[in-house]
Amino acid sequence: MGLRSGRHFLQIPGPTNVPDRVLRAMDLPTIDHRGPDFAALGRECLDGMKRVFRTAGDVVIYPASGTGAWEAALVNTLSPGDRVLMYETGQFATLWSQLARRLGLAVELIEGDWRHGADAAAIGARLAADGDRAIKAVCVVHNETSTGATSRIPLVRKAIDAAGHPALFMVDTISSLASIDYRHDEWGVDVTVAGSQKGLMLPPGLGFNAISERAKAAAQGARLPRSYWDWQDMLRANATGYFPYTPATNLLYGLQEAIRMLLEEGLEAVFARHARLAEATRRAVRAWGLEILCVDPREYSNSLTAVLLPPGHDADALRKLVLERFNMSLGNGLGKVQGKVFRIGHLGDFNELMLAGALAGIEMGLGPAGVPHAKGGVQAALDYLAGDEAEARRLGGAGSPG
Ligand SMILES: Cc1ncc(COP(=O)(O)O)c(C=O)c1O
């Protein structure tokens, strides 16, 4: 596409818009990662990420996309042939299960309908039936980016405990961390996986693991081959603020700034902002007369909304039209819902007027794309956003499923 005036609207559910403060912070000469100035940067990033994950334990940072962090979680804790229980919330849970199979793990994927979060009762029932404790890990995607459904992690933890099962608990927060309430320690998670390009407001390129003491202990006996991903090497070097190999120095400058921004706003305020913008989005979708893919309001994602088009209408044609006419990128339908849904990302460095513009672009596109709809979605969102602050604050807890 040729030169377009004005800003492109990047409304995919990650990578998200990188704030100017973060861009400026990365625009520095790369320094010696073994020199005296690096350690302060390394330590601030590692300590800051503990606050974002809400953990007192260790966090490691890889120069990798989220997929690398998925792999790191598994290879550090498991052995060839180990049984792993996963839940098919959507495309990303499916991809994680495929990765696990390729590593030589015996994966059981509980089937889902791509319209709900993980079913804690089904996970609990499977664990209760696992008499010889063959299942070594339970893996759940907190916020399924392909469907816009957020799993209630505390319920899954409760189900594991109720079954009295010792499996490790691993959670993917790639599209929820720093957008939707998440608590690694309090929710009893052993490994949390994250990436830089969504709620953390950075370009792609950093992957994270937050690690419990149990996971660290499991790593001692885990026999899957690993070298690049090995936590031991990382943790040893990280203790003094350094890395075992060349870190993504300029992305760490950006991470340092992004963490400062998140803590200045306050994580609770960040979650409340995401909740408010998500609710406004859902009101627009309902006013258009379109269907939200996630069917359980307790599982509505505050970082993205997947919108189902009426049968016979092509979501990709709508996306193409909106891109060409209004210079806005919307998320495509992935896997089983390809062509059936489009996804509105409303996470990261994002505010009311950006959302208003995004919704306006969609509403303007629906008519020319031939999608049957009612007008007034943008107005419904604006009315909500201009309205009740107390209600907005109350919704701040909506992503913290109890
Ligand atoms: C929930 C979730 N998990 C995993 C991934 C894979 O991460 P990456 O594409 O950074 O490798 C994504 C990417 O969008 C995601 O949304």
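**Exercise 1.** In which loop is the place of Ala-178?

*Solution.* The model is a predicted one, in which local features need pLDDT of at least 70, side-chain atom pairs count only at pLDDT 80 or more, and totals for chains, interfaces and linings use all residues. Residues are numbered from 1 along each chain as its sequence is written, and side-chain values use heavy atoms, with hydrogens and water left out. Ala-178 sits in the loop between strand 8 (168-172) and strand 9 (191-195), where helices (H or I, at least four residues) and strands (E, at least two) are DSSP runs numbered from the N terminus. Although Ala-178 is not a glycine, its phi is positive, at about 70°. Ala-178 counts as buried because its relative accessibility is 3%, buried meaning under 20% relative accessible area with a 1.4 Å probe and protein chains only.

**Exercise 2.** Determine whether Asn-327 is buried or exposed, and describe its backbone.

*Solution.* Asn-327 lies in the loop between helix 11 (315-326) and strand 13 (328-332). Its phi is near 60°, a positive value in a residue other than glycine. With 9% relative accessibility, Asn-327 counts as buried.

**Exercise 3.** Identify the polar side-chain atoms that lie beside oxygen atoms of the ligand.

*Solution.* The residues around the ligand, that is, those with a heavy atom within 4 Å of it, include Thr-67, Thr-145, Asp-172 and Lys-198. Polar side-chain atoms of Thr-67 and of Thr-145 each lie 2.5 Å from an oxygen atom of the ligand, while for Lys-198 the corresponding distance is 2.7 Å. Of the 380 Å² of accessible area that the ligand has on its own, the protein covers 86%, by the Shrake-Rupley method with a 1.4 Å probe. Helix 3 (residues 66-75) supplies the largest share of the shell, 3 residues.

**Exercise 4.** Trace the surroundings of Val-140 and Met-170.

*Solution.* Val-140 belongs to strand 5 (residues 135-141) and, at 1% relative accessibility, counts as buried. Not counting residues up to four places away in sequence, Val-140 touches Ile-123, Met-170 and Asp-172, among others, contact meaning heavy atoms within 4.5 Å. Met-170 in turn is in contact with residues including Trp-96, Val-138 and Val-140. Ile-123, Val-138 and Met-170 are among the residues that touch the most other members of the largest nonpolar core, which has 90 residues; such a core is a set of buried Ala, Val, Leu, Ile, Met, Phe, Trp, Tyr and Cys residues joined through side-chain atoms within 4.5 Å. Helix 9 (residues 249-265) gives the most to this core, with 8 residues.

Key. Polar contact = N/O pair within 3.5 Å; in protein donor to acceptor, adjacent residues only side chain to side chain. Buried < 20%, exposed > 50% of the residue type's maximum accessible area, 1.4 Å probe, protein only.
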